[in-house]
Amino acid sequence: MMKKTDSAVSEVVGVLLMLTITLILVSLVAVSMNSAVSSTEKPITATIIASGVHGKNITFENTAGDAFVLNQIELRLGIREYPSQYTTLRNTAEKERLISYSDSPTIALGDRFYIESEGGEKLRWGSFEISSGSHLTYRFYDLRTGSPISSGEISVP
């Protein structure tokens with residue numbers, strides 16, 4: 001009669017151990033990558049309202065919240081009656097789209113700025129055009145964090 005003196009871990013337990021170690025390593029890598037990518041910048045918090053349509057300009061006002069620099073924000077314009085139509089405006093090195101009424105690029109509480117239409121008497125930016133009687137929707141985004149800042153709509157006379 002032979003006695004077996006060798007003892008070992010079964011194959012099933014070995015596979016489960018390797019699987020557990022692999023899952024722990026993958027989760028550690030995922031956690032470290034997510035925390036490395038996250039931004040520590042505080043997003044802009046402000047209430048920006050459209051205060052009027054004057055000729056070919058639309059005026060906006062910072063009525064509450066943080067001061068911000070116009071180059072740090074992006075404006076998305078749309079038409080409430082046609083939600084699939086929209087355009088995005090931001091200041092670039094080639095063209096200033098968001099223009100301060102003062103010469104300062106910083107918009108503090110109570111300050112106003114405007115966007116100027118590119119289309120003569122009509123409100124138009126590129127191929128995006130809004131006609132009289134429509135409702136212009138707008139949403140501002142913080143370019144640094146991608147966070148929405150403020151949104152609203154205004155009737156176009």
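Is glutamate 129 buried, partly exposed or exposed, and what is its relative accessible area? Glutamate 129 is partly exposed, with a relative accessible area of 32%, where buried means under 20% relative accessible area, exposed means over 50%, and partly exposed lies in between (1.4 Å probe, protein chains only).

The model is predicted, so that local features need pLDDT of at least 70 and side-chain atom pairs count only at pLDDT 80 or more, while totals for chains, interfaces and linings use all residues. Residues are numbered from 1 along each chain as its sequence is written, and side-chain values use heavy atoms, with hydrogens and water left out.

**Salt bridges**

Counting as a salt bridge any side-chain nitrogen of Lys or Arg within 4 Å of a carboxyl oxygen of Asp or Glu, the model holds 8 salt bridges. Three of the pairs are set out here with their N to O distances and relative accessibilities.

| Pair | N to O distance | Acidic residue | Basic residue |
|---|---|---|---|
| Glutamate 153 and arginine 80 | 2.8 Å | 40%, partly exposed | 44%, partly exposed |
| Glutamate 129 and lysine 122 | 3.5 Å | 32%, partly exposed | 46%, partly exposed |
| Aspartate 142 and arginine 144 | 2.9 Å | 1%, buried | 33%, partly exposed |

The bridge between glutamate 153 and arginine 80 links distant parts of the chain, 73 residues apart, with glutamate 153 in strand β12 (residues 148–155) and arginine 80 in the loop between β4 (73–79) and β5 (82–89). Strands here are DSSP runs (E, at least two residues), numbered from the N terminus. Elsewhere, Lys95, Arg97 and Glu118 are linked in a network of salt bridges.

**Around histidine 135**

Histidine 135, which lies in strand β11 (residues 135–142), has contacts, meaning heavy atoms within 4.5 Å, with residues that include Arg80, Glu81 and Glu153, when residues up to four places away in sequence are not counted. The side chain of histidine 135 also makes a polar contact of 2.6 Å with that of glutamate 81, a term for a pair of N or O atoms within 3.5 Å, of which, within protein, one must be able to donate a hydrogen and the other to accept it, residues adjacent in sequence counting only if both atoms are side-chain atoms.

**The open sheet**

An open sheet is formed by 4 strands in the order β1-β2-β8-β6, with antiparallel pairing, two strands being paired if DSSP finds at least two bridges between them. The edge strands, each pairing on one side only, are β1 (46–54) and β6 (98–100). Between β1 and strand β2 (residues 57–65) the antiparallel pairing runs over 8 bridges, and threonine 47 stands opposite alanine 64 in β2.
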